[in-house]
Amino acid sequence: MNYESIILHMLSKLERERTVNSVYHILRGKRSAQTIQDIHLFNLQQFYGIYPNLNLKNYEEWITRFKQNHWINENDNMFTLTDEGHIFVEKQLMNKPLKFDGLKFHRKDQLFLKTLQLLCQTVSNLIYDNHQFIPIVDSLPIQQKVKKMIRKYRENRPELYEGLFIDLYTIFNELSEEPIDYLARQLTSANQIGLSKQQIAELENSTDHDIHFVTIHLIHQMLSIVEQNKGKYPFLEQLIDTEQSRTLTHSASITERLLNQRKTIEDISRIRRLKVSTIEDHIVEIATQNQHFSIRPFVDERLEKEIIARLNEANTARLKIIKDMLPDTVTYFQIRLVLTKWSLFSNEQGGREDEFIR
Amino acid sequence: MSSSVNLEKALTELFGYDSFRDGQKEIIESVLKGKNTLGTLPTGSGKSICYQLPALLLKGVTVIVSPLISLMVDQVKLLKYNGIKEVIAINSLLNFDEKEKAFKQLNRYKMIYCSPEMLQHQSFVTRLKQLKISLFVIDEAHCISQWGHEFRPDYLRLKEIIQVLNNPTVLALSATATPDVQKDIIKQLGINMTSFIYPIDRTNISYSICHVNGEKEKNDELIHVLNKINAPTMIYFSSRRMSEQISALLQKHFPNRNIAFYHGGMTQEDRLLIQQQFMNDQLDIICCTSAFGMGINKDNIRLVIHYHLPSTMEAFIQETGRGGRDGSHSVSLLLYSRGDELIPSQLIDLELPDDYLIEQFIKLKRNDDPLIETMSLTETQERFLNYHVEKLSQESLTIEQIINKIKLIRNERNHIKKNSIYKLIQWIEAKKCRRVTLFESFQKHVRKPDYECCDQCGFDIFQWVYHSSNESNYNTSWQMILEDMFNRRWKNEEEKITTRVD
């Protein structure tokens, strides 16, 4: 796996529809209505938030390189993949589907990795009867979590030692087709401090970006294996943060509460002293998160059908084109809502939009 | 005396050391008697024990003022490592909730580390006032003095804070204070102090300077030296980019050694890993900037190389002082190419605000103009301007007078710092004993070295023989890593044997 194929794959889904920077926002897990809507619209949920520390300068360098390699062309803020670009992605990802699950695991993944790193260091030091060591993770909440776990097995330490070893051995074995060594080398024992991504990259003649993606890819697979086999990995299960990861922005969740109190957009705008367009952004965001959310108060059934018909005709997600095909009274907000609802359904049900239109 | 017996016992019990090093005990006894104390001790000689031991013996709380967050954080980690848990660092790394929580529980701690800026926060000081502060420690006390190389205006406000906190015993510590700076520290604090001035020269370090011509020659020389000497080595750089570049270059030349870089631009996680690998002898060479904090001890560094010129004599003494903390021989090598002084000199010019920024700031400040937020000043520039504007506003001056005064103050600061570089160059060019010329401004007599002295006195780095015995072997496959982590290798062997017997 390399970053080129991931980024280019993402770009290929957005060509002619969005600017190159949308990919950057998705990777960083930006919590804006636009980004959250985009991942649903273009089926990029699995990449959401998988590189939260990516900086813009790095991203721009990648794009420049892609252009130099003649993989993409960019003009007037629009970009397309060249034939070489498409061939490169296909070759790279052939028979190797990406198993990220960013929408589900973003943030949880980093927490899980850090907790695992600190737990391994702690357990290993205890096994070697070394009670003095400096934790390799600074975060206080993670330190407390690991302390709590160690305390829980106060009476029966070997159970924890044995259990964690077996959990890790089993799951690494399960993933042995993958470059699981890269992850293992980032773990610290009593005898050996783990390597940084940069160091692994040097040893493997790779880049730290590639190592980052490989690591997150492995973590996501571990998380889903653990979640799908409840009880099989009792110790790793305890490391997963059970707190529901809310992708709704704080502000949008306040709007949601007011909507549930049957307030109108105008009411909410007045109460919160926010622009109507901001409240509309919130509503679109809520709709992307909750497929049971009813768009009916904002779009009636007849209009919904008409918008969908135009959508199918135009075969694009560019709002401007669709808006031009509809009466002037139809707002962007209404189109976005329908688009959101429609794309959620098509993803959930394997693209059977005809059933939705009925 | 019975008290001294107790002190030794406490040292062993709390910190695991058998005996005090030069000066520690005298300073601790003075502090325990409640005397305001000024102490100078060399870097790497256990300065922090001088307040940590009294802090644990005294009733009440000890406040420690430290200029750098990384220093505080490392100190707290090291104390916790030693099993001393009632310590906290209050700084900007804590978020609002954490700070609130810490303030509420402040009475739980024996040692509270903070920056001088933090002591300007009313809520923090109010909370401190409710505690019994028995000892107030000023670490890196040379920051108080305008003649010091690292003057920080907020250090001058400590005098008032000490009074507000009901005059606890004060302990000021420094490893790099000239006699002038020592006098100034006492003057600025406005209290009587008992001084314990110990020589700061390190007798187990040999000094060597190598003149080269340009970067290519510098790199050749570096490789030449490292080819000869395979020992735990630090190489200091003044730029992040160069630390990475040279690290890559060396790795190519020495594929069998473990080499890494470390600088402030890396993520916190990576910094922790690299630092601990170095402590754990997994790295042979580290290419770093001054961001590499050494609050966490590694005592077997044998070679400290300066690839770039440090900014001051004091910084040089501090950085070379990281070598040989175990008391065994360590070597300092400075690679100098004519013109190297330009980098630190330019850095100095950028540190404090230029004429334009001073004028803009004062004009906007006078009108309470919110545009002041958009000026993009560095933290240091903002601190400098705020401090002096506030101070000068107590005098009745016109806006032009204030501007001119601040410009003068800035020029003076820049002059002091550039003078420090000039002194370094003089030191490099002098055809005299390195050791004597390096330390003579700090102390009257420079001691006799334990090993070879310096290149001027006949020390030749290429004649120095050192070979590290440790060959670290990385586990690379996940099976090996897990077996080592959970200590299973031995068990597996045993199982194999039993199956064979069966």
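Trainee: We're looking at chain B and chain A. How much area do they bury between them, and what share of it is on carbon and sulfur atoms?

Mentor: Chain B and chain A bury about 3,500 Å² between them, with 60% of that on carbon and sulfur atoms. Keep in mind that this is a predicted model.

Trainee: Which three residues supply the most of the area that chain B buries against chain A?

Mentor: B:Trp478, B:Met485 and B:Phe486, which together give 23% of the chain B part, more than any other three residues. As for who takes part in the contact, 34 residues come from chain B and 39 residues from chain A.

Trainee: Why is the pair B:Lys77 and A:Asp138 called a salt bridge?

Mentor: Set the value against the cut-off: a Lys or Arg side-chain nitrogen has to be within 4 Å of a carboxyl oxygen of Asp or Glu. Here the N to O distance is 3.4 Å, so B:Lys77 and A:Asp138 pass the test. Between chain B and chain A the count is three salt bridges. On top of that, 15 residue pairs are in polar contact across the interface.

Trainee: Which elements give two or more residues to the side of chain B that touches chain A?

Mentor: They are α4 (69-81), β10 (259-262), α11 (268-279) and α18 (478-485) of chain B. The one that gives the most is α11(B), with eight residues. Sorted by class, that side of chain B has 15 nonpolar, 13 polar and six charged residues.

Trainee: On to the sheets. What makes β8 and β10 of chain B edge strands?

Mentor: Look at the order in this open sheet of six strands: β8-β13-β12-β9-β11-β10 of chain B, with parallel pairing. β8 (205-212) and β10 each have a single partner strand, so one side of each has no neighbour in the sheet. On average, neighbouring strands here are turned by 20° against each other, direction ignored.

Trainee: How do you know that β9 and β12 of chain B pair?

Mentor: Pairing needs at least two bridges. Strand β9 (residues 233-236) and strand β12 (residues 303-306) of chain B are joined by four and run parallel, so they count as a pair. For an example, find B:Ile235, whose bridge partner in β12(B) is B:Ile305.

Trainee: Which helix packs on this sheet and touches β9, β10 and β11 of chain B?

Mentor: That's α10 (residues 240-253) of chain B, whose direction makes about 180° with that of β10(B). Helix α12 (residues 313-320) of chain B lies across β8, β9, β12 and β13 (330-337), at about 150° to β12(B).

Trainee: What is the strand order in the sheet of seven strands?

Mentor: β3-β4-β2-β5-β6-β1-β7 of chain B, in an open sheet with parallel pairing. At its edges are β3 (87-90) and β7 (194-197), each pairing on one side only. Neighbouring strands are turned by 15° on average, direction ignored.

Trainee: How do you know that β2 and β4 of chain B pair?

Mentor: Again, at least two bridges are needed. Strand β2 (residues 61-65) and strand β4 (residues 111-114) of chain B have four, in the parallel sense, so they qualify. One bridge partner to look up is B:Cys114 in β4(B), which goes with B:Val65.

Trainee: Last one: what makes A:Asp38 and A:Arg18 a salt bridge?

Mentor: Their closest N and O atoms are 3.0 Å apart, and the limit is 4 Å, so the pair counts. A:Asp38 lies in helix α3 (residues 33-41) and A:Arg18 in the loop between α1 (3-14) and α2 (21-28) of chain A, so the pair ties together parts 20 residues apart in sequence.

Key
Residues numbered from 1 in each chain as written. Chains lettered and ligands numbered in written order. Predicted model: local features only at pLDDT ≥ 70, side-chain atom pairs only at ≥ 80, totals over all residues. Heavy atoms only, no water. Contact = heavy atoms within 4.5 Å. Buried area = accessible area lost by both parts, 1.4 Å probe. Polar contact = N/O pair within 3.5 Å; in protein donor to acceptor, adjacent residues only side chain to side chain. Nonpolar A, V, L, I, M, F, W, Y, C, P; charged D, E, K, R; others polar. Axes fitted to C-alpha atoms, helices over the stretch in contact; angles between N-to-C directions.
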